[in-house]
Amino acid sequence: MITANYLARRSELETYFDRTAAAAWTRLTSDAPVGRIRATVRAGRDEMRGTLLSWLPEDLRGTRLLDAGCGTGALSIEAARRGAAVTAVDISPTLIGIADGRLPADIDAGAIRFIAGDMLDPALGTFDVVVAMDSIIHYRTEDAVRIIASFAARTRHAMLVTFAPRTPLLMLMHAAGRAFPRDNRAPAIEPVSEPHLRKLILDHPDLQDWSFGRSRRVASGFYKSHALELVRR
């Protein structure tokens, strides 16, 4: 169920990623030089993307994959290279345009369907696998679990999601980040402890057919994120 909190935060995120920080995000996800702090974020995101891709089969032919919150499309491109039919959705039309423009020549234009819109839109269809890398970390924990349950209703095999782990260091860094000028910082993340998140998932009535698989935390300077694999029984 989509809540008022979800809709309000989605609006904030659209404003941030589509207008306030579109240029900075485009640079972060490219090979262009960035500052020391953003370099650690870039390295962390690269490591997390590599982790999620390592959890997917090398041969994805015949697999329908949703890249929920695809940003500038790096994960979508690698999944398409393995043969997946990818639907890549992001709330930011600007980032979707950049992703489409970065499509390499070795990827068939029909291999990835880039869409600017809501990752929870049922019109996107059903999938074998859903990947949501750092796309639910800005939502309240209860809403994040509802998002996962919404994915589950449209997913046949596996979901790979990430969350912001609630650790003393991350909470300290989160507080320090508020010292940055507002135009230079992302919307607040919502850290959650892994045991609490697992309990909420296990207790959700729409996730009773799912079990936990692999789990891995990535820490790189100002980037802290934790990946969870959920597999349909």
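**Helix H4 and its surroundings**

Biologist: In this predicted model, what follows H4, and what is the sign of its phi?

Modeller: Helix H4 is followed by Gly-83, and the phi of Gly-83 is positive, near 105°.

Biologist: Why are H3 and H4 called roughly parallel to each other?

Modeller: Helix H3, residues 36-54, and helix H4, residues 74-81, pack with their axes 11 Å apart and at an angle of about 30°. Angles under 35 degrees count as roughly parallel, and H3 and H4 are therefore described in that way. The crossing of these two helices, H3 and H4, is right-handed.

Biologist: What makes the contact between H3 and H4, and how do its residues divide into nonpolar, polar and charged?

Modeller: From H3 come Arg-49, Leu-52 and Leu-53, while H4 brings Ala-74, Leu-75, Glu-78 and Ala-79. Of the residues in this contact of H3 with H4, 5 are nonpolar and 2 are charged, with no polar ones.

Biologist: Why does Arg-49 count as buried or exposed?

Modeller: Arg-49, which lies in helix H3, has a relative accessibility of 18%. Buried means under 20%, so Arg-49 counts as buried. Apart from its neighbours within four places in sequence, Arg-49 is in contact with Ala-74, Leu-75 and Met-133.

Biologist: Which residues of H4 are buried, and what do the buried residues of H4 pack against?

Modeller: In H4 the buried residues are Leu-75, Ser-76, Ile-77, Ala-79 and Ala-80. The buried residues of H4 pack against H3 and also against strand E1 (64-68), strand E2 (85-90), strand E3 (112-116) and strand E4 (127-132).

Biologist: How many residues has the largest nonpolar core, and which have the most contacts inside it?

Modeller: The largest nonpolar core has 66 residues, and those with the most contacts inside it are Leu-52, Ile-112, Met-119, Phe-151, Met-159 and Leu-207. Helix H6, residues 141-152, gives the largest share of this core, with 7 residues. Leaving aside neighbours within four places in sequence, Met-119 is in contact with a list of residues that includes Tyr-6, Leu-66, Val-89, Ile-136 and Phe-151.

Biologist: Where is Pro-191, and why does Pro-191 count as buried or exposed?

Modeller: Pro-191 sits in the loop between helix H7 (168-177) and helix H8 (194-203). Its relative accessibility is 13%, and since buried means under 20%, Pro-191 counts as buried. Measuring C-alpha to C-alpha, Pro-191 and Leu-56 are 26 Å apart in space, and they are 135 residues apart in sequence.

How values were computed. Residues are numbered from 1 along each chain as its sequence is written. This is a predicted model: local features need pLDDT of at least 70, side-chain atom pairs count only at pLDDT 80 or more; totals for chains, interfaces and linings use all residues. Side-chain values use heavy atoms; hydrogens and water are left out. Axes are lines fitted to C-alpha atoms, for helices over the stretch in contact, and angles run from 0 to 180 degrees between N-to-C directions. Helices (H or I, at least four residues) and strands (E, at least two) are DSSP runs, numbered from the N terminus. Angles under 35 degrees count as roughly parallel, over 145 as roughly antiparallel, 65 to 115 as roughly perpendicular and the rest as oblique. A crossing is left-handed if the near helix is turned anticlockwise from the far one by less than a right angle, and right-handed if clockwise. Contact means heavy atoms within 4.5 Å. Ala, Val, Leu, Ile, Met, Phe, Trp, Tyr, Cys and Pro count as nonpolar, Asp, Glu, Lys and Arg as charged, and the others, Gly among them, as polar. A nonpolar core is a set of buried Ala, Val, Leu, Ile, Met, Phe, Trp, Tyr and Cys residues joined through side-chain atoms within 4.5 Å. Buried means under 20% relative accessible area, exposed over 50%, partly exposed in between (1.4 Å probe, protein chains only).
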